[in-house]
Every structure is written in C-alpha cells, then in structure tokens.
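Let's walk through this model together and ask what stands behind each label. Each answer sets a value beside its cut-off and then draws the conclusion.

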Amino acid sequence: MRAFARRIVSSQETGLVLVLVLLTITLAALAGSHPDRETGATINNFWNSHTLIQTATDASFFAIMAIGATVVIISGGIDLSVGSIYALAGVTMALVLRSLGPMSDASTTLAGLAVAVGVGLLCGLLNGVLVVGLRVHPFIVTLGTMWMLRGVAFVATKAESILVPSALTAVTKAPLGLGGGLYPVPMISMVVLTVIGAVYLSRTVMGRHIFAFGGSIEASRFSGLALNRIQIGVYAVSGLTAGFAAFLGASFYGSSSSGDAQGYELYVIASAVVGGASLIGGKGSALGATLGALLIVLIRQSIRTLHLDQNYEWIVIGCAIIVAVVIDQWSTRLTARRLSRATT
Amino acid sequence: MEHTAHREAPEPRDDMTESAVRFEGISKFFPGVQALSDVTLEVASGSCHALCGENGAGKSTLGKILSGIYMPDGGRLFVHGREVHFDSPRDALAAGVGMVHQELAFCDNLSVAENLCLGALPSRRGLVVRDEMERRARTMLAEIDPALDVRRRVGELTIAQQQLVQIAAAVGSGARIIVFDEPTSSLSHHEAERLFELIGRLKQRGVTCIYVSHRMPEVFSLCDTVTVLRDGRHVDTRPTAQITEADIVRMMIGRPLAEYFPTHDSSARGEEVLRAERLTSAGRFEDVSFALRAGEVVGLAGLQGAGRSEVAGALFGLEHLESGSIYVRGVRARIDDAGDAIRYGIGLVPEDRKRQGLVLSETALHNTSLPTLRRFSRLSWIFRAEERRATTVLFDRLRVRTSSLDAPVAGLSGGNQQKVVLAKWLAARPSVLILDEPTRGVDVGAKAEIHALIGELAKNGTAILVISSELPELLTLSDGILVLREGRLVGELSRAEASQEGLLRLMAGLT
C-alpha cells in the first residue's frame, strides 16, 4: 500500500494532475456565477456540466492525436503532418460517403470510420516508409507531407466544405442519457484511447521496443530489434490517431474541409511535451499527453472564463508551454539525484 | 585542484630546469578503475620519450593529464620546472603543451584554416577576416605540410593529413612539448614514415615529444628514453640504448598469473557449433577462418584496431561481409542483422556497454528482457509477472541485488551494469556467446565472478569467444587463442603453446 502511494506521488503525471486541479479550483473560484434561466438556481460560470464537458470536448481532438504524437516522440522522432492527415482523412471520409449515397445509419457510420482511420493509417505508413527508406530526418519528411497531404485534400475538395451525413453526427453527438445539450462521446473516446495508448506503451512488446528504440538505437540494434518496423510503426500509430480524431471531429461538426485542423500539429506536439514526453526520445506517456492537452485547452478556456483580453491567448499559451517543460525538467533532475543518492 | 590529495612532496629542485615535464605522484581514478596510481617520472627537455604499456596500463591517461584533458586526482605536475594546474586543453596549450590525439578532435565541416584559428579567429567589426585567417594557417602549416590547401574542409582530408593539421595546430600555437597518443594506429606505412620524419625535425628544433605507443619498432627508432607503465603504475624508465625489446615486453606484462582464477576443464569439448570461413570486409578484416566447439572458450587477441570487434560484429550480423560464410551447426547461416544472429542462437556482449549494451534510460528489468521479450509475451501482450520471475532468477545467479530491477541502469555501477548485459544474454540461452571486453571498467570482485560465469557456461556446453585486451585474462580463460593483426589471422595457439610474450610478439608483428 505504501509502495503504491509512493508510486503515485513520484509518478511523472502527478505534477500535471496537481496543476490541473489547482487551475480548475482557481477558475471555479474566480469565474463568478449566473442564475439559471429556468430554475433560478445559482450556477458557477466555470464549474457547470456544460462548460466542463465543452472544455473536455475541445481537448479530446488534440488529446487523441497527442497520444499518437507521444508514441512518435518516445521513439525520438517527430510528426508535423498530423493536422494535414486529419484534414485529408476528414474530407476523404466525407467524399466517399457522399459518393456511396444513402445507406443504413449503421453502415454509413462504419464506412465513415473505416475510411477515416484507413486514410490516417495509410498516411502514417507513408511517413514511416519515407523516413526509413530515404533516411531523411522525420522533421523534414513530415514537414513535406504536411503540405502534400493538405494539398491533396485541397485539390480533392476544390476547396469546398463537404457535409458529413447526419447519421455520423447522431453517433458523435449522442447524448447517452445526459440530455440538456451535453455531448460526451468525444470526451469518452479520449478516455478510452488514453487507456488503450497507456496499455500499448507499457504492456506490449511493441511499446517496450519503442521505448528502447528512442532510448538508444544502437543498443536496440545490438539487441536484435527490427528497427525499421518499429520506426514505420510509430508513424502508422500517429496517422491512425489523426484519422480517428478526424472521424470524431468531422462527424461532430457535421462537415469537413481541407482547411480543418490547420496548425493542430503544434498544439499536439505541445500537448505531448507538456505531458512529459522528451524530444530526445525514450520518455513519455499516453496519460501525460491527454493531461497536457487538457492543460493547454484549460488555459485557453481560462482566458474566456475570466473575461481576459482574448488577444493574449497565444502569448499565454506560449509561456505556459515553456514553463511546464522547465518545471518537468527540474523535477526529473531532482528525481534522478534522489535516485542516485538512494543507490550509492 | 585538490590540495588535500597531495602527499608530502619535495620542493622543486634546481636541476628541474633540465626537465621539460615532471609528474610527481600522479593518481587518477575513473569509476571502478584506478587508472594511475602514484606515477612519478621526468621527461628531459628536447628528448623524445616513449610511454609504453598494455592497453589500459594508463599511458594515454598520463598523456591526457599533461595536455589538460583530464585533471589528476592527486599529485603534482611541473612543466619546465614550474608547477601547473591545467583545467582544460586551452590552459595546457597556453603553457606550451599540445597533443595529437588518437581520435582526432576537429570540426569536420570547417576548413583547415578555420580549425587552425578556431581559438582566436582574426576579425574586424565582428566579421572574420578570411585572408588574414588563411595567411595565419599557411604560416602554421609552412613547415609541416606547405602543400596542403587551407581552404579544404577537414572532413575531406585523410587521417594522416588531419594528424598533420593537429601537429600544425600544436606547433603553430608555440607548443614546446607535444604528446603523440598512438599516432600511427590509423596510418599506412608510408604515412607513418612521413610522421617519423616530422618528429625528427621537431626534435631538431628542440621540441620535447612524448610518444605513447606499444609498437616496439617505432619506440626504438624514434625515442631516446622509454617509460613502461603497468596497471597504472610506473615500472621503469630507461634510455632506449640500454634496453631490449624483450625487456620492455617483460616489464609490460610482469604480472604473476597466480592472481587469476583457474577456469573450466577444457577436456569436455563437444561438436562444432560455429564455423567462420574466409570472412572478409575490406579495410577491416580479411580471410578470417576459425571454428568454435560446444563447451570451448576461444580467445581473440590483437592490438586496438586489429579488427577484433569487427570480426565479432560480423558473426552477429552487425558488420557487412564482402565475402566468406558462417556455418551454424554445419548449416550455412544467413545473418543480416542481430535479430538473425539471435535466431541462430548467437549472443554478443558488446565492447561499449553504455552505448551498445544498454538503453540507459530504461530499468534493469526492461534491459534484461529486451532481446527475449517474445518469450514472455503472446500477441505482443507482455506477461509481466513471468518476465519479473525469470529476470529475478538471473539476477540472483549473477548476484545483482534484485532491488535494482526497477532502477534505471544509468545509476548502477560498472560491474552491475555489465552483469545486466550478461543477464540479458544468459536469458537468451545462446549456444554461441561472444564477449567483447567483458571485464573492462569492472572492479576486481565482479571480474572474478564474470570469469567464473564464463567457465560455468562453457561447462554447460556454450561455445564462447572472448575478446580481451588483457592478455592474462585471455590466457586463463581460453582453451585456444586466435591472434589478429591488421585484420588478418596471424596465429592460432593452444593453451599450452600460448604465453604472454609470444602473444604480444604476434600481436605487434615482431619476429
């Protein structure tokens, strides 16, 4: 029991949870309140189910992609193309469903999911094969595919926004018994994918190999790991999560265009890094990525809730990212020192 | 400097002005190794002084202390009679001490001129004055290699030319003492001749040369005085005229074999497990053939750069083979990467533990199970309890504290790190285990345990190939010893035939 408690306290994510809780309490305390239109009860401007679920929904699309990005970053790589994969997967899904015409709701939804995730996976595989085959740094490869894939989406749609069948929207906006204009599906998807990501990274051979690869390519080679397969795999996972996020996002908002998710790659990488992933490789977690995405969205939300000037949003987020990473590095160094004292 | 570490030392005597360098009670520790202990010696001004010893005897370390790369943990250092404390190579250079490194230390992407002037680029209003820089570089090179184009990038030069540039950097900045750290290890015969000529000219100009090498012919043709180091201690310093090669070799070895542990009974040899036939990789090794039998320990001896690790790498699929073939249990094996080698039952404990052997950011448990994870998993799902149980058994057997299972390996001692690498390969239960410098940087206790383990593995039928720079280690462990020189197999000795002196002669190419 004490060992368990110690593991909780010393774990990488505890600090992030603490910051999130503090920020939530502060926001709830400072947000003020308003009377409910129907019942007249006092409602906190931040601490109410609508705002909270809205914040989580905003975070879910980043968070899901950030889990994929974390997998790439743990391997020592980087994926700048996730925003473009999102756009291409979204518009391909919308175009395919439009050309397939009316079907039953269930088959429409499944076809949409298959197309979005499939396109995401293929784009990820393309990134991986280019990185491995051309021996070019992933920053360059994914910078290239970032423009290429968005360009393909642009040409395919002739820059138009394509409507997504309402059957998909009905699924992603299913109230699941909550009612009152609350849509928990993206949030639940985020939680489920975080669990899957965490299990993938910590309990599977593939996850273990990704950590080893990112920690030392040389030692992994000497241990007989299939290096190319690992490297292609991480970009495939990243593309897969972007495709799934595109399915959720395009269905949720009811349409898709080649301009979707512009600039998401940076939010996604920021989430992963705030969540403790190290750009050198060998370190990171799925839970951290989700918490990082939540933190960034919460900071953005706090500007609205506290009625601060929205023009300062980027400045605040930029500062927050640097501060978060610096704090993370300090705590890592402290832990390392404590460990080295404990062993000597 | 740690003044507390000083022992009582006499004040500099008057005749100290005669010596260019004086080491007084110099000691240096590295984690797990005492590289130098209480070394006292004098280098006469204007002489060429050889530092000899086996690999790991401390000769390079001594040179690096003189040139400011390492700081001694104890003792005093005098240059031209004045006590000095070098914190960096820059300090040493300012005091007139330069070094020509074994591993070259240049920015490959910059030009010769830029490298030569890097410490003090001539500039006007913050911009580099290119003409002035090139003029200075040409002046520095004038005497050494006037034909060299100073605008060429250093990366394009041959190793020999790069060494000349290093020498120019040292001489050009006014160094009166130059340390050469095994300068011929990567030179062709012809290039080496040019280097010797240059050293001759430097001597004529009164420059003091300290020549670190274990190649006897060079020592005798170049040097006036020779100092032999062994296990970090000063053995003797003599004029080369009053000593023979055999004397030096004897002093370099000089260690009673009795301190080593007797190993397994070599009579229990089984069938042939691995056969290498005419392995060739241009520029690394050529025409290397040998066989390993079950239960046999074969040593692989050679000087640094003789191609020992490369041959091992070839067996393990890490080195590209131009020709030649490998047979495992009589069947020709296709080994393109380490994964293939592992499937053929081959394991390799690599030379560079921290870079090749371990993922430092991971725990001891995860490192140990890395090559064998499939055994503890189904459909990629890891059964962690099984993994932990199997690893605990190995750690108990190797006497690694199991409390370190979940510690990052970066924090473990050298000996324990090496045991983790060994555990990793024991888990794979290889039929052929290659050990490249298995006890380097490991303390005496762990070393004995590793030796015992090698004997035990052989007894249980593993075929073992051991690479070691420590000849006594090879002699006690091996049933037979293969000797490599410059990438070629030059000898195959049985345990009865092998002696340290004989091996050293074969390795160095003495007749």
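**Burial, compactness and contacts**

In chain B, 46% of the 511 residues are buried. This is a predicted model.

Q: What makes chain B as compact as a globular protein of its length?
A: The radius of gyration of chain B is 25 Å, and the globule rule gives 24 Å for 511 residues. The two values are close, so chain B is as compact as a globular protein of that length. Along the principal axes, its C-alpha atoms fill a box of roughly 70 × 50 × 45 Å. The secondary structure of chain B comes to 17 helices and 24 strands.

Q: How do you know how compact chain A is?
A: By the same kind of check: for 344 residues the globule rule gives 20 Å, and the radius of gyration of chain A is 21 Å. Those values are close, so chain A is as compact as a globular protein of that length. The C-alpha trace of chain A spans about 65 × 50 × 40 Å along its principal axes. Chain A has 14 helices and four strands, and buried residues make up 47% of its 344 residues.

Q: What share of the contacts in each chain joins residues at least 24 apart in sequence?
A: Counting contacts between residues at least 6 apart, the share is 78% in chain A. For chain B, counted in that way, it is 69%.

**Domains and core**

Q: Which domains does the assignment give for chain B?
A: It gives domain 1 (3-8 + 16-254) and domain 2 (258-508). Their C-alpha centres lie 34 Å apart.

Q: Which residues have the most contacts inside the largest nonpolar core?
A: They are A:Phe62 and A:Met65, in a core of 232 residues. Domain 1 and domain 2 of chain B each give at least three residues to this core. Beyond its neighbours within four places in sequence, A:Met65 is in contact with A:Val82, A:Thr241, A:Ala242, A:Ala245, A:Tyr264 and A:Val268.

**Where the chains meet**

Q: How many residues does each chain bring to the contact?
A: Chain A brings 22 residues and chain B brings 25. On the chain A side, α9 (205-215), α10 (217-222) and α14 (313-343) each supply at least two residues. The largest share of that side, six residues, comes from α9(A). By class, the side of chain A that touches chain B holds eight nonpolar, nine polar and five charged residues.

**A helix in chain B**

Q: How do you know that the length of α5 of chain B is close to the expected one?
A: Helix α5(B), residues 159-172, has 14 residues, and at 1.5 Å a residue a span of 20 Å is expected. From first C-alpha to last, α5(B) reaches 19 Å, which is close to that value.

Q: Why is α5(B) called mostly covered?
A: Of its 14 residues, 11 are buried; a residue counts as buried if 20 or more other C-beta atoms lie within 10 Å of its own. Among the buried ones are B:Leu164, B:Val165, B:Ile167 and B:Val171. After the helix comes B:Gly174, whose phi is positive, near 90°.

**Single residues**

Q: Why is A:Lys158 called exposed?
A: A residue is exposed if 12 or fewer other C-beta atoms lie within 10 Å. A:Lys158 has 8 such neighbours, so it counts as exposed. It lies in the loop between α6 (138-157) and β3 (162-163) of chain A. A:Lys158 also has a positive phi of about 50°, although it is not a glycine.

Q: Is B:Arg278 buried or exposed, and what makes it so?
A: B:Arg278 has 12 other C-beta atoms within 10 Å. The cut-off for exposed is 12 or fewer, so B:Arg278 is exposed. This residue is found in strand β13 (residues 272-281) of chain B. Its phi is positive, about 50°, although B:Arg278 is not a glycine.

Q: Why is B:Lys459 called partly exposed?
A: B:Lys459 has 13 other C-beta atoms within 10 Å. Exposed requires 12 or fewer and buried requires 20 or more, so B:Lys459 is partly exposed. Its place is in helix α15 (residues 444-459) of chain B. From B:Lys459 to B:Glu218 is 241 residues in sequence and 43 Å in space, C-alpha to C-alpha.

Note on methods:
Residues numbered from 1 in each chain as written. Chains lettered and ligands numbered in written order. Predicted model: local features only at pLDDT ≥ 70, side-chain atom pairs only at ≥ 80, totals over all residues. Expected span 1.5 Å × (residues − 1). Domains from an automatic or database assignment. Rg over C-alpha atoms; globule rule 2.2 N^0.38 Å. Contact = placed C-beta atoms within 7 Å. Nonpolar A, V, L, I, M, F, W, Y, C, P; charged D, E, K, R; others polar. Core = buried A, V, L, I, M, F, W, Y, C linked by C-beta atoms within 7 Å.
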